[in-house]
Amino acid sequence: FGSINITGNLGGLDLHAGNVKFENLQVSNKSPYFSPGKWSVPGEIGVNFGGFGLAVSNIDMVKTSSGDPALKFHAAITIGDAPASITASGGIKIIGELKDFNGRQRWVYKDFEVDKICLSGISFPGVDDLSGCINFFKDNSTYGSGFRGQVHVKFENFNADLTAVAQFGRVGGSKYFFVDALVCGLSLQMGPITVKGLGGGVYHRMTRDSIGAGLPVCTGGAIPDSIGTSISGIHYTPDANKGLGLKLTIAMALPNEKAFNGNVTFEMLFNSSSEGGGISDAWIYGNARFMDAMNIHAPCGVGSPGQKPNGSAMSANVDLHMDFNKKHFHGQLEVYLDAGFLKGSGPGNQLGFAEVSIKPGDWYIKIGKPFYGFGEDNRVGMDINVPVIGNIAGFRAYLQIGKNLDPMPPLP
């Protein structure tokens, strides 16, 4: 273990860092050549950069995937004065490597990597706030190398927010990308329906493997920041066999929002030209809420994470998917009821669940599932629950037709 003090000018950077401690740092002339150990650095180091204060924090010594040592830190700089100040910050790595010079080993500079660059606090006429980040990734096992950016804009004197996410990359010699955007706070009248939010997206050489988790940016939630994840929580992965993908999301309500509100997404994906072109997949998914306030963050499809009843008296989730390559149509519908003394009898006050599957040689329609006397009861059902008295009436039922149905329960 030991400690070091750093004071000096590094290419225009006046750096002062005292009492930097380290423990179990290992440097050797034989493999493995380097082990970073543990470092303890003051919470924030002040650096003078061109007359501006640069705050350096989260300093650490790490080892890269190739075994090279790297100095990793976070830097932030503020330019200008409020209210027109701009704060830029980012994660940086300075990487070294061991070289042999005429039989003598020396540690030398190898590379400089930026993990993330963020801007915040930007405002100008017509815009109250503009913030965003760009994340860089390299040699990822799934996504290869590229970058992912996100931006949020709040407009002045206009109750609307714009959020956009984009990712561009290359893996295995194939380039891919997706762009996803959403505008919240609208009030566009379309007959009896008021459009509260509009979203759209385009992607290329990517496929999706999950259902979205809602639209959190409309309610002040954090934008999903993991690689491959869109605004709505859908996870996209590179697939050279897929071509262009398009989607449109509409958040809507009746003039009396509590009577009905919800969101629906239409999405279509094409095969690549090398696979013969044509439509690969089509989806329709969304949710509906009745007798409760607007909540765009509500899960937007069956199987989405989150509280399924959405906190409303009555709600429904739907997910329809047509796989044209496999000629398989699959649809699911969930309905929940929690309206005073009327409650769905299933898990989480589920009123009913329906599933449809149609493909060559196999098909079924399932409305509810049989109950075998143990575990969750997934039959269609409702209870009438009167305070103090308790359940005074209810019903349970299920209906299934087609092939490969659930086994019938024993007769009562």
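**Strand pairing, cores and salt bridges in a predicted all-strand model**

Strands β21 and β22 form a hairpin in which 4 residues lie between the two strands, and K327, in the turn, has a positive phi of about 55°. The model in which this hairpin appears is predicted, and the protein it describes has 0 helices and 28 strands. Within the hairpin, β21 (residues 314-323) and β22 (residues 328-339) run antiparallel and are joined by 10 bridges, with S315 standing opposite Y336 in β22. On the other side of the pairing scheme, β21 is also joined to β20 by 10 bridges, again in the antiparallel sense, and N317 in β21 is the bridge partner of N287.

The pairing continues from β20 towards lower residue numbers. Strands β19 and β20 run antiparallel and are joined by 10 bridges, M268 standing opposite A282 in β20. Strand β19 in turn pairs with β18 over 10 bridges, also in the antiparallel sense, and here L269 in β19 is the bridge partner of G245. Of the 11 residues of β19 (residues 261-271), 8 are buried, so this strand is largely enclosed by the rest of the structure.

Confidence varies along the chain. The protein averages a pLDDT of 81, and 80% of the residues score at least 70. Among the elements, the lowest confidence belongs to strand β6 (residues 44-49), with a mean of 57, and the highest to strand β25 (residues 362-367), at 96. Where pLDDT is low, the predicted coordinates should not be read in detail.

Taken over the whole protein, 38% of the 412 residues are buried, while the exposed area comes to about 21900 Å², of which carbon and sulfur atoms supply 60%. Among contacts with a separation of 6 or more, 47% are accounted for by residues 24 or more positions apart.

The largest nonpolar core contains 16 residues, and within this core Y203 and M206 touch the most other members. The elements that give two or more residues to this core are β14 (174-190) and β20 (279-290), and β14 gives the most, with 4 residues. When neighbours within four places in sequence are left aside, M206 is in contact with Y143, Y176, F177, F178, Y236, T237, P238, D239, K242 and L269. A second, separate core has 5 residues, including V56, I59, F73 and I92.

The structure holds 13 salt bridges. One of them is formed by K242 and D281, whose closest N and O atoms are 3.9 Å apart; because K242 lies in strand β18 (residues 242-253) and D281 in strand β20, the pair ties together parts that are 39 residues apart in sequence. K242 has a relative accessibility of 12% and therefore counts as buried, and D281, at 6%, likewise counts as buried. K242 is also listed among the residues in contact with M206.

A further salt bridge joins the side chains of D292 and R289, at 3.8 Å from N to O. In this pair R289 counts as buried, with a relative accessibility of 3%, whereas D292 is partly exposed, with a relative accessible area of 21%. Since burial is taken as under 20% relative accessible area, the value of 21% places D292 in the partly exposed class.

R379 and D377 also form a salt bridge, the closest N and O atoms being 2.8 Å apart. D377 is buried, with a relative accessible area of 16%, and R379 is partly exposed, with a relative accessible area of 22%. Both residues belong to a network of salt bridges that links D377, R379, D383 and R396.

Outside the strands, S226 lies in the loop between β16 (206-208) and β17 (236-238), where this serine is partly exposed, with a relative accessible area of 37%. Although S226 and R148 are 78 residues apart in sequence, the C-alpha atoms of the two residues are 9.0 Å apart in space.

Notes
Residues numbered from 1 in each chain as written. Heavy atoms only, no water. Buried < 20%, exposed > 50% of the residue type's maximum accessible area, 1.4 Å probe, protein only. Contact = heavy atoms within 4.5 Å. Areas by Shrake-Rupley, 256 points an atom, 1.4 Å probe, with all protein chains shown as cover. pLDDT = per-residue confidence, 0-100. Core = buried A, V, L, I, M, F, W, Y, C linked by side-chain atoms within 4.5 Å. Pairing = 2+ DSSP bridges. Salt bridge = Lys/Arg side-chain N within 4 Å of Asp/Glu carboxyl O.
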